Amino acid sequence: MTMLNSNAGTHNRRRLGIRLLALIVLWLAAIAIYHVYKPLPYGLDFSPAERTVTSVQFLADRTFTTADGERHMEQQIFDAVIEMITGARRLVLVDMFLFNDFQGKVAETHRALSDELTATLIAQKQRYPELDVWVISDPLNSVYGGLPSRQFAELEAAGIPVTLTDLTRLRDSNPAYSAIWRLFIKPFGNSKGELLPNPFGEGRVSLRSYLAMLNFKANHRKLIIADDGHELTALVTSANPHDGSSAHGNVALRFNGEAAWDLFESEAALLKFSGEPVPVPELVHIADSATNGLTVQVVTERAVERAALDLIDRAEPEDQLDMAMFYLADRHIVKALQRAAKRGVTLRILLDPNKDAFGREKNGVPNRPVAYELKQAGISVRWCDTHGEQCHSKWLMHHDAEGHSAMLLGSTNFTRRNLHNLNLETNVILRGSADVEPLQLAQRWFDERWNNYDDRNYSVDYEAYADERLWPRILYRVMEATGLSTF
């Protein structure tokens, strides 16, 4: 009788354990599903109207080699950022993804951007104490709480608030993992640790930093808004104030007017859902009286994908599409490019070979498998000729047969993470006559990279990094579909 009772008790405990495990699995599934489809915070996926502008400037950071093999750099973007800060009297708002001096395995000694930007912000705040300065960034810069940021500590000590974006409010790009993290790891928070090496540079961090990193989400925006004493100006870019990225090739658009206020509105929404007060700049809205025919439109998150698809899908047989992209993986974009090629549109796609990552060698995914698909569709593809740096631009231009152009640029890689309301992203669209200066300069920038003008080596033929193996194509498709990727 005792043995029968013991067996019955063991059976009951086993059945209880199975039920408990099933309950946990169901609870994790519910968490995963909710955080994939939950409502976005107010102000995301933002696409206000096109705005006329009186002042627009296309900027680029160029890295190239010459016949002697020497690497050269010509930079404009952070020079313009510094100029905007030093000209401000009432408001500066900076939102930058990578804002640190992490170098990785191989130091990039070209420019200490993180300290340069930090020092400029502090000096301007000290010069004009009434100046409102706001810095927004991504928790990666503190390794998700595991390694305090020296730059952010210096800004805070100078009376400049730093907001690290509350990424938990975003949808989950890696739901199979993030559900477990939200339930079992997130409640314990994070703190400075010494257990593991910093994955981005010097120092050591806690295990919880690595576990937070595996959520694969970010505030990936890169922009600055500042007054010029009279009105708001803004700059949207693909460049980061990150020392290890200081030699990267990048682009930016600087503009004024109502579009700058649209950008401010999108940033105010970010501050609000991260639990921070929203600055109210004491500036008047100056009505634009532009005669140049140019318009600027701000687009964020998935609105970027809709804008890109519109540019590609409206291209007709006599039109031209040019693209320079760090990561190209999104299936909607790839299929749209293939459709455009089938319609007879002229396409030129310039891609980073995905071989360099701060001293680490990458496997070419996703760009090399995608390039193979594009070549199969008859699309011209070239690779940036990189030497440790990255071809980091995110740029698309449509030029029609009537002499009009539309250019899309900003922070957004053309991948699922960047385009599907998972990361925070900001781009702008510049539209107007192709012969107006900023659009001319942008077209010249692409043409010189594609054709290696002026004895400067920017790009190489498709064959230089072609990878037509099946395995990378399978790996790319799995990573893009599941979110188990860093792109």
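Cysteine 384 is buried in this predicted model, with a relative accessible area of 3%. Cysteine 391 can be described in a similar way: its relative accessibility is 4%, and this residue too counts as buried. Both values fall under the 20% cut-off, which is why the two residues are called buried. The two cysteines are also partners, since their sulfur atoms lie 2.1 Å apart and form a disulfide. A search through the whole structure finds one disulfide.

Attention can now turn to the strands. In general, the strands of a sheet pair through backbone hydrogen bonds, and they may run parallel or antiparallel. Here, eight strands make up an open sheet with mixed pairing. Reading across the sheet, the order is β3-β2-β11-β10-β9-β4-β5-β6. At the edges sit β3 (71–74) and β6 (162–164), each of which pairs on one side only. From one strand to the next, the twist averages 10°.

One pair of neighbours in this sheet offers a handy place to follow the pairing by eye. Strand β9, residues 222–227, and strand β10, residues 232–237, run antiparallel and are joined by five bridges. To trace one of these contacts, isoleucine 225 can be matched with alanine 234, its bridge partner in β10.

The empty spaces of the model complete the picture. Rolling a probe the size of a water molecule over the atoms shows where such space is left. The largest pocket holds about 1,100 Å³ of space, and 40 residues line it. Nearest its centre lie Phe200, Tyr327, Ala357, Phe358 and Thr486. Several elements contribute to this lining: β16 (360–361), α11 (416–419) and α13 (470–482) each supply at least two residues. Sorted by chemical character, the lining of the largest pocket contains 19 nonpolar, 15 polar and six charged residues.

The second largest pocket has a volume of about 400 Å³. Its lining consists of 20 residues, and those nearest the centre are Tyr144, Thr168, Trp181, Ala212 and Asn215. Two or more residues of this lining come from each of the helices α5 (175–185) and α6 (207–213). Helix α5 gives the most to the lining of the second largest pocket, with four residues. By character, the lining of the second largest pocket divides into seven nonpolar, seven polar and six charged residues.

Technical notes:
Residues numbered from 1 in each chain as written. Predicted model: local features only at pLDDT ≥ 70, side-chain atom pairs only at ≥ 80, totals over all residues. Heavy atoms only, no water. 1 Å grid on protein atoms, 1.4 Å probe; cavity = no way out; pocket = protein on both sides within 12 Å on 5 of 7 lines; lining within 4 Å. Points joined across faces, edges and corners; volume = space filled by probe spheres on them. Nonpolar A, V, L, I, M, F, W, Y, C, P; charged D, E, K, R; others polar. Disulfide = S-S within 2.5 Å. Buried < 20%, exposed > 50% of the residue type's maximum accessible area, 1.4 Å probe, protein only. Pairing = 2+ DSSP bridges. Axes fitted to C-alpha atoms, helices over the stretch in contact; angles between N-to-C directions.
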